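Biologist: Thanks for sitting down with me. Could you walk me through this model, beginning with the ligand site?

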Amino acid sequence: MKIYEKVIHHIEHQLRSGSLQAYDLLPSVRNLSQTLNVSKNSVIRAYLALEQTGTILAHPRKGFSVKPDTEYDQPQPPSPQKIIRGATSLDIIGSAQRQADVVFGSANPDTRFKGRQEFYKQLNKLVRSEIKSPAIHRHYQAPPGDPQLRQQIAKKTHSGHAELNPDEIIITNGAQEAISLALRSITQPGDIIATESPCFYGILQCIEALGLQVVEIPSHAPDGIDLDQLSSILERWEIKAVLLNPHANNPLGFNMPDNMKSSLIALAKTHNLAIIEDDVFGALIPTSQRQRTLKSMDTEGRVILCSSLSKILDSDIRLGWVVPGQYFDQVNYLKYVTTLATSGLMQHAAALWMESANFNRHIKQLQNHYKQRKILFIESLKTYLPIEAHINCPDSGFLCWVALPPHINGDTLFTRMKSEGISITPGSLFGTAQQFQHCIRLNFSTFDNSAKQLRALARLGEVISEEINLQAQKSPA
Ligand SMILES: Cc1ncc(COP(=O)(O)O)c(C=O)c1O
């Protein structure tokens, strides 16, 4: 660590501990250099860097003061909010995906695996036999769905030690429908749901569309949701359910430790709460590191497990499932009245594919693949992004969260990169109050150090630096 970085560390520590607060004047350069036994130049350099990250303000001839409204300010306890977003994320993600030449944006998996080709061969076979001799009695595959597929899901989908029974599983159109059905089965419009924050935007929009309110509970790598805050929120408000993505979390990439999951289950019991467990990335965690699902710890049927084949096979086939525990009948009925069924042909092809011995090999390949992509990607990010970018290295999955200095706007970066054919996801989508506006999320599922991808990362680094310099010019000298 350079000496001026030690000075920054000292100031940040004081901010975090509350000994320096918003509007406080910082020690003079001479005083601090004497206190820390460093040169005046090191203190000046540290103060300028902190000014550039938007942590402190310069006042000509007076010195520096702590800027209000930064991450160091004492946060207000979260409270229920109605989400008013409309189709923002659909607009943003949809348009970026269509125009992108280099995709670091939405959470698509790599689709170049042999295992995926095998699925399509299986589907092709079914289609050809259907053309040759149509199944004249084929009709909706009514919920809960194809028995063979449900059996395979129970047997093979690494449900984190949960002993799943095929009869408990309902097939859905992806995890998104599973989550939506779960929410609808336990809430009425106006009810309050607690989520992690940052939270996958698809979930926030689903909560919005159902007329629910949300309390966003801060969540951090490496452990996930802040259980103390959740506990005090549960004392204060009537919360219907907690919705979590505890494995290979989107966007932070953490795996919630098992002891925290046990505490959450205990809290849910005390407050008679449902838990919606979104495990859509769970199978990407290497089996040796795979922790228990909340579902596997649940003895009362209050955990609703949701997952899909989107991240391990293809998001385009829209196959997912929900294991609703005590809410089975409501969810099954809602599935029926919402979409009648999920494509029987797709379900059958997936069942045959999962039955083949290659399924397990395919999953292992994916796990290794993303582990290696992560190492490559993080190295390249460190090379190309400016020092002010805080890169969160994920435990698992293929998503990386980058926090920039507070005054840098991820929406602006998104727009600038989009105009150059590079998609990224703006952090603002992951919260209701612009609290992640200075963040971006990057997908490295297909990252292979190609010249084109490296050029795109270098460009991202340049654009971030330009924005940082621009902001520095705007702030008072
Ligand atoms: C955390 C999370 N949950 C749910 C979904 C929706 O998944 P599906 O494609 O299975 O509907 C996604 C998609 O990216 C996701 O990231």
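Biologist: Which helix gives the largest share of the shell around the ligand?

Modeller: First, a word on the ground rules: this is a predicted model, where local features need pLDDT of at least 70, side-chain atom pairs count only at pLDDT 80 or more, and totals for chains, interfaces and linings use all residues. Residues are numbered from 1 along each chain as its sequence is written, and side-chain values use heavy atoms, with hydrogens and water left out. Helices here are DSSP runs (H or I, at least four residues), numbered from the N terminus. Three residues, the largest share of the shell, come from helix α7 (residues 174–186).

Biologist: How many residues surround the ligand, and how do they divide into nonpolar, polar and charged?

Modeller: A residue is near the ligand if one of its heavy atoms lies within 4 Å of it. There are 14 such residues, and the closest include Ala175 and Lys311. For the classes, Ala, Val, Leu, Ile, Met, Phe, Trp, Tyr, Cys and Pro count as nonpolar, Asp, Glu, Lys and Arg as charged, and the others, Gly among them, as polar. The shell holds five nonpolar, six polar and three charged residues.

Biologist: Which atom of the ligand lies 2.5 Å from a polar side-chain atom of Asp278, and how much of the ligand's accessible area does the protein cover?

Modeller: For Asp278, the partner is a nitrogen atom of the ligand. Asn250 and Arg318 each place a polar side-chain atom by a ligand oxygen, at 2.8 Å for Asn250 and 2.8 Å for Arg318. Accessible areas come from the Shrake-Rupley method with a 1.4 Å probe. On its own the ligand has 390 Å² of accessible area, and the protein covers 92%.

Biologist: Is Asp279 buried or exposed, and which side chain does it contact?

Modeller: Asp279 sits in the loop between β10 (274–278) and α11 (294–297). Buried means under 20% relative accessible area, exposed over 50%, and partly exposed in between (1.4 Å probe, protein chains only). At 4%, Asp279 is therefore buried. Its side chain makes a polar contact (here a donor and acceptor pair of N or O atoms within 3.5 Å), at 2.8 Å, with the side chain of Arg290.

Biologist: How many residues of helix α8 are buried?

Modeller: Helix α8 spans residues 201–209 and is mostly covered. Among its buried residues are Tyr201, Leu204 and Glu208. The count is eight of nine.

Biologist: Which class does Tyr336 fall into by its accessibility?

Modeller: Tyr336 lies in helix α12 (residues 328–339). Because its relative accessibility is 42%, Tyr336 counts as partly exposed.

Definitions and conventions: Helix = DSSP H or I, 4+ residues; strand = E, 2+ residues; numbered from the N terminus.
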